[in-house]
Amino acid sequence: MPKKTLLQELTESGVDFDTPPASYYSCGLEDPCRIEPDNIIVFFSPARKMQASDKCYHQRYQIKCNLGTTTFQRLDDLRFQIPPGSGIVIFPFQIHYYDLSRPRPERFFLTISFNDRGNGRQSLLPLMNRPFPIGSEDFPLLKTIVCAYQKHPGYQPEDAVSALRLFLSRKLRQSKIAAPIVPFDSPFMDELFKLVRENFDRPLSIKNLAEMLHLSESHLRLKIRRQLDGISLGKFLHQLRFHHACELIQHTDLPIREVAVKCGYSDIFSFSRTFKRDTGLSPSEFRRQTNGPKTT
């Protein structure tokens, strides 16, 4: 039997070959999602490994898909009920933790964590603080992401990137591009993040940071505690540097000594001591255990 041609496939699908577009330059198909996913990481969080409820925040996006029973999730100062078969997007630097004020249910999440190498945050805002249902039409997309990450035969990294974009675009369309429940728009925090990111490679003190923001040290500390639900400025700066160090160790070939410099440490010894205190592993051990580049 001869192979079907593209023309035959289009003809059988009822494609109109005669009607021209209204414009050859605009009014075409548009994707509501402007995110360009990069460095996608997939993991599962079974109940037996989730005994604590520490407050977390980091520089990555996370999609939490509930595979277990109903769970209560805290995002910043909001509390959300996440039923089975639903999910929520956690944005970079959103404080998140599980609400244990009620008896702890069985918790089991699929988490998809990723960076945005573009500038698509604004396009995803309709999903901020808005749990969404996960339907059967989403299963193939999520399966593709998981299987590509776990390197199952027949699944490629580009398949996962495409599936993740399609999943987010679908959730945006389902949200009808409504305004988020609580807008997360803080020019002060945006400026703070920008300053910290631009100065990772220097020992940025709270005094220096306050001067850059034209605030007193006491006023800056107070604003941070209010914005970050009681987390101190010192702990916040340390955590940002720590996560930056983890990213560099796991996903670059930089020698550990150079990672220390890029994270604002004057010598590799103090960096290694601090890193091991926080993780229980030396930077080299962390690189080996996370299957990162082998250069040390």
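Two strands are said to pair if DSSP finds at least two bridges between them, and that idea will guide this tour of a predicted model.

Begin with the whole chain on display, where you can look for 11 helices and eight strands. Of the 296 residues in the chain, 43% are buried, and the surface that the chain exposes comes to about 16900 Å², with carbon and sulfur atoms supplying 54% of that area. If you turn on contacts with a separation of 6 or more, 71% of them are between residues 24 or more positions apart.

Next, select residues 61–66, which form strand 2. Is this strand largely enclosed or not, and why? Buried means under 20% relative accessible area, and six of the six residues of strand 2 are buried, so the strand is largely enclosed by the rest of the structure.

Now show the side chains of strand 2 and look along it. In a regular strand the side chains alternate between the two faces of the sheet. Here Tyr61, Ile63 and Cys65 point one way, while Gln62, Lys64 and Asn66 point the other way, and all of these residues are buried.

Keep strand 2 selected and add residues 109–116, which make up strand 7; the two strands pair in the antiparallel sense over six bridges. To find a place where they face each other, pick Ile63, which stands opposite Ile112 in strand 7.

Finally, add residues 86–90, which are strand 5 and run antiparallel to strand 2, with four bridges joining the two. Which residue of strand 5 is the bridge partner of Lys64? Select Ile88, for this is the residue in strand 5 that partners Lys64.

Conventions:
Residues are numbered from 1 along each chain as its sequence is written. This is a predicted model: local features need pLDDT of at least 70, side-chain atom pairs count only at pLDDT 80 or more; totals for chains, interfaces and linings use all residues. Side-chain values use heavy atoms; hydrogens and water are left out. Buried means under 20% relative accessible area, exposed over 50%, partly exposed in between (1.4 Å probe, protein chains only). Contact means heavy atoms within 4.5 Å. Accessible areas come from the Shrake-Rupley method with a 1.4 Å probe; for residues, only the protein chains shown count as cover.
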